Amino acid sequence: LMPPQLSIIGRRLRQAGYRGDLFSTIQAQNKPEIAAAAGALDGLWFSTFDDSSAGAFYESYFRTFHEDALPDGALGYDLAKLVISRPQNSDLLPYMDGLKEFQGIFGSYDLSQPGTIIPATAIKVVSGETFKILYP
């Protein structure tokens, strides 16, 4: 399942009698969408970034904007940090090619291919209006 209709799809599936598992991706970690589903997405599993080290970022974001940050927003922050941190007057793609141990919101991770950031992965499940970590 994918937004922007995640809550609507979940409710409609449950209303139609579907009781099986629901799966999604990082976009499911959207508290307003989960709340709008009114319980229909309870038990939905989704893959996302391991954001266990992003607590300070999430707290700062909430203090500033008065709403929860989405994990892909934190990744955008890391991308901006990466662009800003490259040596002055250097080309971005060669700098990113094979960069090791980049320190970002999600911890330390490598860029496996030019322009490809691969932070650690997590599997979470919707429980009420919160998310429980299943893995790692």
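Two residues count as being in contact when they have heavy atoms within 4.5 Å of each other. Keep that in mind for the tour below, and remember too that this is a predicted model.

**The main core**

Let's start with F106. Leaving aside neighbours within four places in sequence, F106 is in contact with F49, D50, D51, S53, A54, Y58, P71, A74, L75, D78 and P119. F106 also belongs to the largest nonpolar core, which has 17 residues. Which residues have the most contacts inside this core? They are L82, F106 and L111. Helices α3 (55–65) and α4 (71–85) each supply at least two residues of the core, and α4 gives the most, with three residues. Apart from this core lies another one, made of eleven residues, with L22, I34, A40 and L44 among them. As a general point, nonpolar side chains in soluble globular proteins tend to be buried together.

**The sheet**

Now for the strands. Four of them form an open sheet in the order β1-β2-β7-β8, and the pairing is mixed. The edges are taken by β1 (23–24) and β8 (130–135), each of which pairs on one side only.

Strand β7 (residues 121–127) has antiparallel partners in this sheet. With β2 (residues 45–49), β7 pairs over five bridges in the antiparallel sense. With β8, β7 pairs in the antiparallel sense too, again over five bridges. Here are some of the residues that face each other across these pairings:

| Residue | Partner |
|---|---|
| T48 | A122 in β7 |
| K124 | I133 in β8 |
| V126 | F131 in β8 |

Strands β7 and β8 make a hairpin with two residues between the strands, and in that hairpin G128 takes a positive phi near 70°. It also helps to know that side chains in a regular strand alternate between the two faces of the sheet.

**The largest pocket**

F131, the bridge partner of V126, turns up again at the largest pocket. That pocket has a volume of about 320 Å³. How many residues line the pocket, and which lie nearest its centre? There are 14 lining residues, and Q29, K31, D68, A69 and F131 lie nearest the centre. Helix α2 (31–36) and strand β8 each supply at least two residues of the lining. By type, the lining divides into six nonpolar, three polar and five charged residues.

**Two residues up close**

First, take S7, which sits in helix α1 (residues 6–15). Is S7 buried or exposed? Its relative accessible area is 6%; the cut-off for buried is under 20%, so S7 counts as buried. Not counting residues up to four places away in sequence, S7 touches E33, A36, A37 and L41. One of these, A37, is 30 residues away along the chain, yet the C-alpha atoms of S7 and A37 are separated by 4.2 Å.

Then there's D72, which lies in helix α4, the helix that gives three residues to the largest core. D72 has a relative accessibility of 37%. Partly exposed covers the range between under 20% and over 50%, so D72 falls in the partly exposed class. D72 has a distant partner in sequence as well: I26 is 46 residues apart from D72 along the chain, while the two are 7.4 Å apart in space, C-alpha to C-alpha.

How values were computed:
Residues are numbered from 1 along each chain as its sequence is written. This is a predicted model: local features need pLDDT of at least 70, side-chain atom pairs count only at pLDDT 80 or more; totals for chains, interfaces and linings use all residues. Side-chain values use heavy atoms; hydrogens and water are left out. Two strands pair if DSSP finds at least two bridges between them. Helices (H or I, at least four residues) and strands (E, at least two) are DSSP runs, numbered from the N terminus. On a 1 Å grid over the protein atoms alone, a cavity is a set of points where a 1.4 Å probe fits but cannot get out, and a pocket is an open set with protein on both sides within 12 Å along at least five of seven lines; lining residues have an atom within 4 Å of a point. Grid points are joined across faces, edges and corners, and a volume is the space filled by probe spheres set on the points. Ala, Val, Leu, Ile, Met, Phe, Trp, Tyr, Cys and Pro count as nonpolar, Asp, Glu, Lys and Arg as charged, and the others, Gly among them, as polar. A nonpolar core is a set of buried Ala, Val, Leu, Ile, Met, Phe, Trp, Tyr and Cys residues joined through side-chain atoms within 4.5 Å. Buried means under 20% relative accessible area, exposed over 50%, partly exposed in between (1.4 Å probe, protein chains only).
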